[in-house]
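Hi everyone, thanks for making time. Today I'd like to walk you through a structure that is probably new to most of you.

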Amino acid sequence: MILGGVMHFICLMKSHAAYGRYVDTSGSSMMVPARLAWFLQELPALLVPLILMLTTDGNNGTGRHLMLWTFCLHHFQRSCIYSLLTNGRPYPLNIMLLGMVFCSINGFLQAHYLLHCATYHNTWFSEACLLAGLIIFFIGMGINIHSDHILRSLRKPGEISYKIPRGGLFEYVSGANFFGEIVEWLGYAVATWSLPTFAFAFFTICFIGPRAYHHHR
């Protein structure tokens, strides 16, 4: 995942990921309605951890479940709430399928680590990294959800044009929604303090960081 992040960063600084405002609707790619695409793309990152939790024997500990449910909370919001509210452009089928593959792999990686590899002691709940990480996570999630709301409010029903957003953290950064998601996963990585979660946070920065840069330009 770390190597994939580096490769994506190099490629995406030179070109755009072909979805959203950068999608070529005149091409021959099959298109999927945005709401369906977001639902199907994000769903594996919610279902795979839930399936692993249901099929894992024994008591896996409150700490492991706490962090895994935190991970699932984000993807529940993205797949079951954000997908119903979004009014974006149709999504290329190939991009959606790649997103589903990534979410499946990442969902398995995070869940497998937390359920089968991670060890948290009883004193872990009072450690600063957990408390600070969860606070950062929920601040980032709040920024992400609020920024998405601002972006949706720019469009009237049926509109797909893009406008410069105002308000919230958009007064300070061009991609406040991306910033919120980066903060969110950095907080998650701090709370779990593990290589798999830091790898995912790093990949997130490498993937949506260049997108925010292109939006700013």
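I'll go through the aromatic pairs, then the nonpolar cores, then a few single residues, and finish with a database annotation.

Before we start, please keep in mind that this is a predicted model.

Let's begin with the rings. How many aromatic pairs does a search of the whole structure find? The search turns up 14. I'll show you two of them.

In the pair of Phe-137 and Tyr-188, the ring centres are 6.3 Å apart and the planes meet at 50 degrees, so we call this pair tilted. It also connects distant parts of the chain: Phe-137 sits in helix α5, residues 128-153, and Tyr-188 in helix α6, residues 176-192, with these positions 51 residues apart in the numbering. Are these two buried or exposed? Phe-137 has a relative accessible area of 0%, so it is buried. Tyr-188 comes out at 1%, so it counts as buried as well.

The second pair is Trp-185 with Phe-200. Here the centres are 4.8 Å apart and the planes are at 55 degrees, so this pair is tilted too. Again distant parts of the chain are linked, with Trp-185 in helix α6 and Phe-200 in helix α7, residues 195-216, 15 residues apart. Trp-185 is buried at 1% relative accessible area, and Phe-200 is buried at 4%.

These four rings belong to one aromatic cluster, which also takes in Phe-71, Phe-102, Phe-138, Phe-203 and Phe-207.

While we're on rings, have a look at Arg-78. It lies over the face of Trp-38, at 5.3 Å from the ring centre, and over the face of Tyr-82, at 4.1 Å from the ring centre.

Now to the nonpolar cores. The largest one has 26 residues, and among those with the most contacts inside it are Phe-71, Leu-114, Trp-185 and Tyr-188. Which helices each supply at least two residues of this core? They are α2 (34-55), α3 (62-85), α4 (93-117), α5, α6 and α7. Another core, of seven residues, lies apart from it and includes Val-32, Ala-37, Tyr-82 and Met-96.

Let me pick out Leu-114 for a moment. Leaving out residues up to four places away in sequence, Leu-114 touches Arg-64, Met-67, Leu-68, Tyr-120, Tyr-188 and Thr-192.

Next, two polar residues. Thr-70 is in helix α3 and is buried, with a relative accessible area of 6%. Where does its side chain reach? It comes to 2.7 Å from the backbone oxygen of Leu-66. Beyond four places in sequence, Thr-70 touches Leu-134 and both members of our opening pair, Phe-137 and Tyr-188.

Asn-177 lies in helix α6 and is buried at 11% relative accessible area. With sequence neighbours within four places set aside, Asn-177 contacts Asn-144, Ser-147, Asp-148, Leu-151 and Phe-170.

Finally, the annotation. An unreviewed UniProt entry marks residues 91-115, 124-145 and 185-208 as "transmembrane region". How do two of these spans look in the model? Residues 91-115 are 92% helix and 8% strand, with end C-alpha atoms 34 Å apart. Residues 185-208 are 92% helix and 0% strand, and their end C-alpha atoms lie 12 Å apart.

That's my tour, and I'm happy to go back to any part of it.

Technical notes
Residues numbered from 1 in each chain as written. Predicted model: local features only at pLDDT ≥ 70, side-chain atom pairs only at ≥ 80, totals over all residues. Heavy atoms only, no water. Phe/Tyr/Trp six-rings, centres within 6.5 Å; stacked < 30°, edge-to-face > 60°. Helix = DSSP H or I, 4+ residues; strand = E, 2+ residues; numbered from the N terminus. Buried < 20%, exposed > 50% of the residue type's maximum accessible area, 1.4 Å probe, protein only. Lys NZ or Arg CZ within 6 Å of the ring centre and 35° of its normal. UniProt positions renumbered as here; feature names shortened; annotations may be inferred. Core = buried A, V, L, I, M, F, W, Y, C linked by side-chain atoms within 4.5 Å. Contact = heavy atoms within 4.5 Å. Polar contact = N/O pair within 3.5 Å; in protein donor to acceptor, adjacent residues only side chain to side chain.
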